[in-house]
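Visitor: I would like to test the labels here, one by one. Please set each value against its cut-off.

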Amino acid sequence: MAETVSDRDLKERMVQYPSDGVTVRAYAVAPAVKERRPAIIIVQEWWGLNDHIKDIARRYAKEGYVAIAPDLYSRLGNRVTTDANEAGKLMNTLQQQDGLKDLQATIAYLKTTPEVDPARIGVTGFCMGGSYALMLPCTTGEIKAAVPFYGQVPNPDTPLQKLACPILYIYGEEDGWITKADVQRLAAALKKYGKSGEIKTYPGASHAFFNDTRKEVYKPAEAKDAWTRAVAFFKQHLG
């Protein structure tokens, strides 16, 4: 894959595609090159498809990937909010099976995109998106690597029997949403089902520590290390 590219060498656009009777909108960004390359799906936090998520997509594109951030609130009017109460309502209104359908539709869209190598698709996500990034490769064999950031661990853990790719699960030890017991359950399930997975825990880091737009939780050193690990993980498994 090409070396890191600059902002001016990226092409970005809003795209849309069908999913189970609805139209999904997504932010797509890629290096302006001709050859096929791996793709990474970036799944939003509960706030919606905001500038922070688009920035993460651009960061992956600068690493040489086709990056796409689907709006999982496409069914809910493409809402974006900064209010935690509204965000919680949006997240809880979205049925998980609908979110997964829209992510499956995103995979289908990527496979029609000329610059994407359809055999090399990965997923990452944060908070709510971390939950989807963990569940998606349990529902399809088309994801080849997953990096969930502080997402919910399915309980019971039976979906993890079908986990079809290696995962790197990123966790802050002071997370108020995802408990240490949840993460221990994930580690036990990976071992029990013989799945390839790694869990990276950051002492002193809380939920959403990667989000550099939220100064009250952002941990620069830990976020930088997590980014380095995520990029290396995708490079290892997607090329």
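Guide: Start with Lys11, which is partly exposed at a relative accessible area of 38%. The model is predicted: local features need pLDDT of at least 70, side-chain atom pairs need 80 or more, and totals for chains, interfaces and linings use all residues. Residues are numbered from 1 along each chain as its sequence is written, and side-chain values use heavy atoms, without hydrogens or water.

Visitor: What makes Lys11 partly exposed?

Guide: Buried means under 20% relative accessible area and exposed over 50%, with partly exposed in between (1.4 Å probe, protein chains only). Lys11 has 38%, so the middle label applies.

Visitor: How do you know that Glu115 and Lys11 form a salt bridge?

Guide: A salt bridge needs a side-chain nitrogen of Lys or Arg within 4 Å of a carboxyl oxygen of Asp or Glu. For Glu115 and Lys11 the N to O distance is 3.7 Å, and the pair qualifies. Glu115 sits in the loop between H3 and strand E5 (116-126), Lys11 in strand E1, 104 residues apart. Helices (H or I, at least four residues) and strands (E, at least two) are DSSP runs, numbered from the N terminus.

Visitor: Which label does Glu115 get: buried or exposed?

Guide: Glu115 has 12% relative accessibility, so it counts as buried.

Visitor: What makes Arg58 and Glu12 a salt bridge?

Guide: Their side chains meet at 3.5 Å, N to O. Arg58 belongs to helix H1 (residues 51-62) and Glu12 to strand E1, with their positions 46 residues apart in the chain. Arg58 is at 22% and therefore partly exposed. Glu12, at 47%, is partly exposed as well.

Visitor: How do you know that Arg214 and Glu216 qualify as a salt bridge?

Guide: Their closest N and O atoms are 3.1 Å apart. The labels split here. Arg214 has 22%, so it is partly exposed. Glu216 has 59% and therefore counts as exposed.

Visitor: How many salt bridges does the structure hold?

Guide: The structure holds 15. Salt bridges also link Asp20, Arg75, Asp98, Lys101 and Asp102 into a network.

Visitor: What is unusual in the backbone at Asp20?

Guide: Asp20 is not a glycine, yet its phi is positive, about 50°. Asp20 lies in the loop between E1 and E2. Its relative accessible area is 52%, so Asp20 is exposed. Ala208 also has a positive phi, about 70°, without being a glycine. Its place is the loop between strand E8 (197-202) and helix H6 (220-238). Ala208 has 1%, so it is buried.

Visitor: What makes the peptide bond between Asn155 and Pro156 stand out?

Guide: That bond is cis, with omega about 5°. Pro156 lies in the loop between strand E6 (145-149) and strand E7 (167-172).

Visitor: Why do the buried residues of H2 count as lining one face?

Guide: In helix H2 (residues 84-93), Ala87, Gly88 and Leu90 are buried. Down the axis of H2, the buried residues fall within an arc of 165°, so they line one face (directions run from the helix axis to the C-beta atoms). The face turned away carries exposed Asn85, Lys89 and Asn92.

Visitor: Why is one space called a cavity and another a pocket?

Guide: On a 1 Å grid over protein atoms alone, a cavity is a set of points where a 1.4 Å probe fits but cannot get out; a pocket is an open set with protein on both sides within 12 Å along at least five of seven lines; lining residues have an atom within 4 Å of a point. One cavity of 30 Å³ or more turns up in the whole structure. The largest cavity holds about 80 Å³ (the space filled by probe spheres set on points joined across faces, edges and corners).

Visitor: Which residues line the largest cavity?

Guide: The lining includes Lys11 and Glu115, along with Arg13, Val29, Ile68 and Tyr109. Strands E1 (10-19), E2 (22-31) and E4 (66-70) and helix H3 (96-111) each give two or more residues. E2 gives the largest share, three residues.

Visitor: What is known of the largest pocket?

Guide: The largest pocket has a volume of about 570 Å³. It has 28 lining residues; Met91, Cys127, Met128, Ser131 and Gln152 lie nearest its centre. H2 and helix H4 (128-135) are the elements that give two or more residues. H4 gives the most, with four.
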